[in-house]
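Here is a friendly walk through one structure, in the form of a chat between a learner and a teacher. Keep the view open as you read.

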Number of protein chains: 2
Amino acid sequence: MVSVLVIDDEDDIRDILTYNLKKEGFIAYAAENGEKGMELLNSVHPDLVLLDVMMPGMDGIEVCEAIRNLPGFERTLICFLTARSEDYSQIAGLDAGADDYVSKPIKPKVLISRIKAMLRRKGMAEPEEKSADGRLVINRDKYLVERNGEVMHLPRKEFELLALLASRPGHVFERDTILEKVWGTDIVVGDRTIDVHVRKLREKIGDGMIKTIKGIGYKFVEQLG
Amino acid sequence: MVSVLVIDDEDDIRDILTYNLKKEGFIAYAAENGEKGMELLNSVHPDLVLLDVMMPGMDGIEVCEAIRNLPGFERTLICFLTARSEDYSQIAGLDAGADDYVSKPIKPKVLISRIKAMLRRKGMAEPEEKSADGRLVINRDKYLVERNGEVMHLPRKEFELLALLASRPGHVFERDTILEKVWGTDIVVGDRTIDVHVRKLREKIGDGMIKTIKGIGYKFVEQLG
DNA sequence: TTTTTTTTTAATGAATTCTTAACAACCAAT
DNA sequence: ATTGGTTGTTAAGAATTCATTAAAAAAAAA
């Protein structure tokens, strides 16, 4: 399931976009400014961010740079929403790491097709991911994990769970977030399912890598000296 | 606690920067040239390096590259200090992996805000998150509370209660408000429940942080001169 | 298909966290 | 001092949450 975060200060735009995104089967979230956007980003971990350039407070460029510099969000797609009057080349010059631009006024159909194109592109070359602490190398397209030179294969769910947790060492992922990111929103699984998968992961990658935060969720341990 | 290493050959600059950094709650170190800087880097492992570009001996660019190639310092932030006369684009062209640039003459306030922006992007703890007396850091992202460098884990209710009180130091939260925010509206708990949680918090974060306002509620102490 | 692997559930027990209850201490107003 | 109301403290046991196991169900592979 693909989730999209819309950050725009205009109420109408947010409503139109989230409505159309949901109609297309995306999970849509919205924030009215950069600061709130960054908060939501942390909690929902979207696959794509639609980002208005001109906003009061933290503008789109700043938000984009902030996202690009946030560990764990390297693979998050960013698409700028620009007013027609704004000079495209200027924005391109200020390129802060966005994946695409769409000009206002936004035609929902155009936006959706651009989004799908971005996702398609992203689906092609997937570089290997490294967890921040360097002790674990995660190879996304082969579902392989390397630990101290030892390569092991993990089943899909276990792999996705590990990849999520390891994407931000130290960050506590709530159980809901884990369910949403690994299992999706439509499928319903019992509460113990996560535990069992964590159990298997701990068995395979070694105890102590994944820590339980009782009442909240799980986290991947941070770099230790 | 965030530590910063200043590498600059001018005594005045080093003094001004370390003074301002310490005033802001950072731990500051200084070195007068690249070689000594690299030594200090190894021993103190700072979160951020402020690096003068023009220095006798090893210049800033070289130091930056050296840091970037040093295992264990991939996440160390680097910020160049550049003289206005130096061509920004040239430095940008020589980009050796720095995270930001600040032009001389350096205005401390500008520098501090740039540093905070960098830390925010990097997802690191900011001095801003500190509570009133500067000795408590509440990190919701990691569900951790840090006190005098000692990190501790709090159970959910205690954490939420502390986060609420510390969100507005000095503000008195009524017992009803606390119940509503931390426990929710539907659940009903007895009168002593809050007290017990406050008791446990005081035990863990130290007495004197949370004050009782008899007949009203509780507050987190304000900034003390 | 059959076999194997992966995923989910269910059940039990352990651990942590939360709440209560009883009483002590405190403060302000009689 | 006495009273009434509020908060502090403590310890016990409720309630919640998680770990673990085994086995069933589903999915993938042979």
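Q: How many residues does each chain give to the contact between chain A and chain B?
A: Two residues are in contact if their C-beta atoms, placed from the backbone, lie within 7 Å. Here the contact takes 12 residues from chain A and nine from chain B. On the chain B side, helix H5 (residues 108–122) gives the most, with three residues; helices (H or I, at least four residues) and strands (E, at least two) are DSSP runs, numbered from the N terminus. That side of chain B divides into six charged, two nonpolar and one polar residue. Asp, Glu, Lys and Arg count as charged, Ala, Val, Leu, Ile, Met, Phe, Trp, Tyr, Cys and Pro as nonpolar, and the others, Gly among them, as polar.

Q: What should I know about the model and its labels?
A: This is a predicted model, in which local features need pLDDT of at least 70 and side-chain atom pairs count only at pLDDT 80 or more, while totals for chains, interfaces and linings use all residues. Residues are numbered from 1 along each chain as its sequence is written, and chains are lettered from A and ligands numbered from 1 in the order in which they are written.

Q: Which residues come nearest to DNA strand D?
A: A residue is near a strand if its C-beta atom, placed from the backbone, lies within 6 Å of it. Of the 17 residues around DNA strand D, the nearest are Asp195(A), Thr212(A), Arg192(B), Asp195(B) and Thr212(B). Helix H8 (192–205) of chain A and helix H8 (192–205) of chain B are the elements that give two or more residues to this surface. Its residues divide into nine charged, four polar and four nonpolar.

Q: Where does Val53(A) lie, and why does Val53(A) count as buried?
A: A residue is buried if 20 or more other C-beta atoms lie within 10 Å of its own, exposed if 12 or fewer, and partly exposed in between, with C-beta atoms placed from the backbone. Val53(A) lies in the loop between strand S3 (48–52) and helix H3 (60–68) of chain A. Val53(A) counts as buried because it has 20 C-beta neighbours inside 10 Å.

Q: Which phi value does Tyr143(B) have?
A: Most residues other than glycine have a negative phi. Tyr143(B) is not a glycine, yet its phi is positive, at about 55 degrees. Tyr143(B) sits in the loop between strand S6 (136–139) and strand S7 (144–147) of chain B.
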